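Reader: Hi! Could you walk me through this one while I have it open?
Author: Happy to, let's put it on screen.

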Amino acid sequence: MTAPNSALRAVRLGMRMSQDDFARALQDAGRRAGQPNDANKRLVQRWESGSITAPRPVYARALEVVTGLPIESLGFTAAAYASVTPDGQGGHDLVPPTGAPVIPAGAPASQGSPHRNYSGIWLSRYEYFSSGRDEAFVGQHYVVVLQHGDRLTVRSLPNTADGSLTIDMTIDGSVVTGTWIEQTDPSGYYRGGRYHGAIQMLVEPTGRRMTGKWVGFGKDMDINTGPWELVFRDASTNKATMDRYNRVPE
């Protein structure tokens, strides 16, 4: 008898999604990436029951995008995240669509080198001014960055702050552009408010730091902006590494 995939179910429930909602989100992620899939409620049920222990690569990529977590953290077997071969078989795809090799985030880049792989654990740090308190503040999260081709998905680890942070970005050379969403602490000053906006960053030549600006709106519907940076910490996204960084940044 196969064991149920309690990890995937817990993640889905934590996102407050029904199995139908989750399947639709997977379909949307596939369409946005140009890799459509046929996810449906029945497929999600089969994953969660354990009757399918290794999703096909097209689903593995969509699962990572939707959850913001590496496939190996979603309760699937090792076969689900084996390297993808040129014929498209296998699992965890961290190779650009061109098939070019990937350079780790910490490795120096030479002129004309292939795309880097920015997947890993990063420290997110942004600054904002609170008009209600007439004071500037800093928001920090440890985040998981996953790369699929030129797309980066960024999700905060659950215990790194009382709120949650999501960023979806596209990378073009050294320019990173995207959108952000922050769900604030229900018991904090902003009373669980949901804020969102745009972000643009430049990647430093080392590939270990991205710096730029965010833009968003305040509670009085005024447009605000401020600095934002992502600083590389670890290339691994396995459970042990995420557990190590699943804490409030110092």
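Reader: Which strands does helix α4 lie across?
Author: Helix α4, residues 57–67, lies across β4 and β5, and its direction is at about 50° to β5. Keep in mind that this is a predicted model.

Reader: Okay, and what do the strands close into, and in which order?
Author: A barrel: 8 strands close up in the order β3-β4-β5-β6-β7-β8-β9-β10, with antiparallel pairing. From one strand to the next, the twist averages 25°.

Reader: Let's zoom in on β3. How many bridges join β3 to β4?
Author: There are 11 bridges between β3 (residues 120–130) and β4 (residues 135–148), and the two strands run antiparallel. If you want to check the register, glutamate 127 has valine 138 of β4 as its bridge partner, and serine 130 is bridged to glutamate 135 in β4.

Reader: Nice. How many residues sit between β3 and β4 in the hairpin?
Author: The hairpin has 4 residues between its strands. Look at aspartate 134 in that turn, where phi is positive, about 50°.

Reader: And how does β3 pair with β10?
Author: In the antiparallel sense again, over 6 bridges, with β10 spanning residues 223–234. On that side, arginine 125 of β3 stands opposite glutamate 229 in β10.

Reader: Switching to helices. At roughly what angle do α1 and α3 cross?
Author: Their axes cross at roughly 130° and come within 7 Å of each other; α1 covers residues 6–14 and α3 covers residues 41–49. Angles between 115 and 145 degrees fall in the oblique class, so α1 and α3 are oblique to each other.

Reader: Which residues make that contact?
Author: From α1 you have Leu8, Arg9 and Arg12, and from α3 there are Val44, Trp47 and Glu48. That set divides into 3 nonpolar and 3 charged residues, with no polar ones.

Reader: Good. Zooming out, how many helices and strands does the chain have?
Author: The protein chain has 5 helices and 10 strands.

Reader: What share of the residues counts as buried?
Author: Of the chain's 250 residues, 42% count as buried. As for the surface, the chain exposes about 13000 Å², and carbon and sulfur atoms supply 52% of that.

Reader: Last one: what part of the contacts links residues 24 or more positions apart?
Author: Taking contacts in the chain with a separation of 6 or more, 44% of them are between residues 24 or more positions apart.

How values were computed
Residues numbered from 1 in each chain as written. Predicted model: local features only at pLDDT ≥ 70, side-chain atom pairs only at ≥ 80, totals over all residues. Heavy atoms only, no water. Pairing = 2+ DSSP bridges. Axes fitted to C-alpha atoms, helices over the stretch in contact; angles between N-to-C directions. Contact = heavy atoms within 4.5 Å. Parallel < 35°, antiparallel > 145°, perpendicular 65-115°, else oblique. Nonpolar A, V, L, I, M, F, W, Y, C, P; charged D, E, K, R; others polar. Buried < 20%, exposed > 50% of the residue type's maximum accessible area, 1.4 Å probe, protein only. Areas by Shrake-Rupley, 256 points an atom, 1.4 Å probe, with all protein chains shown as cover.
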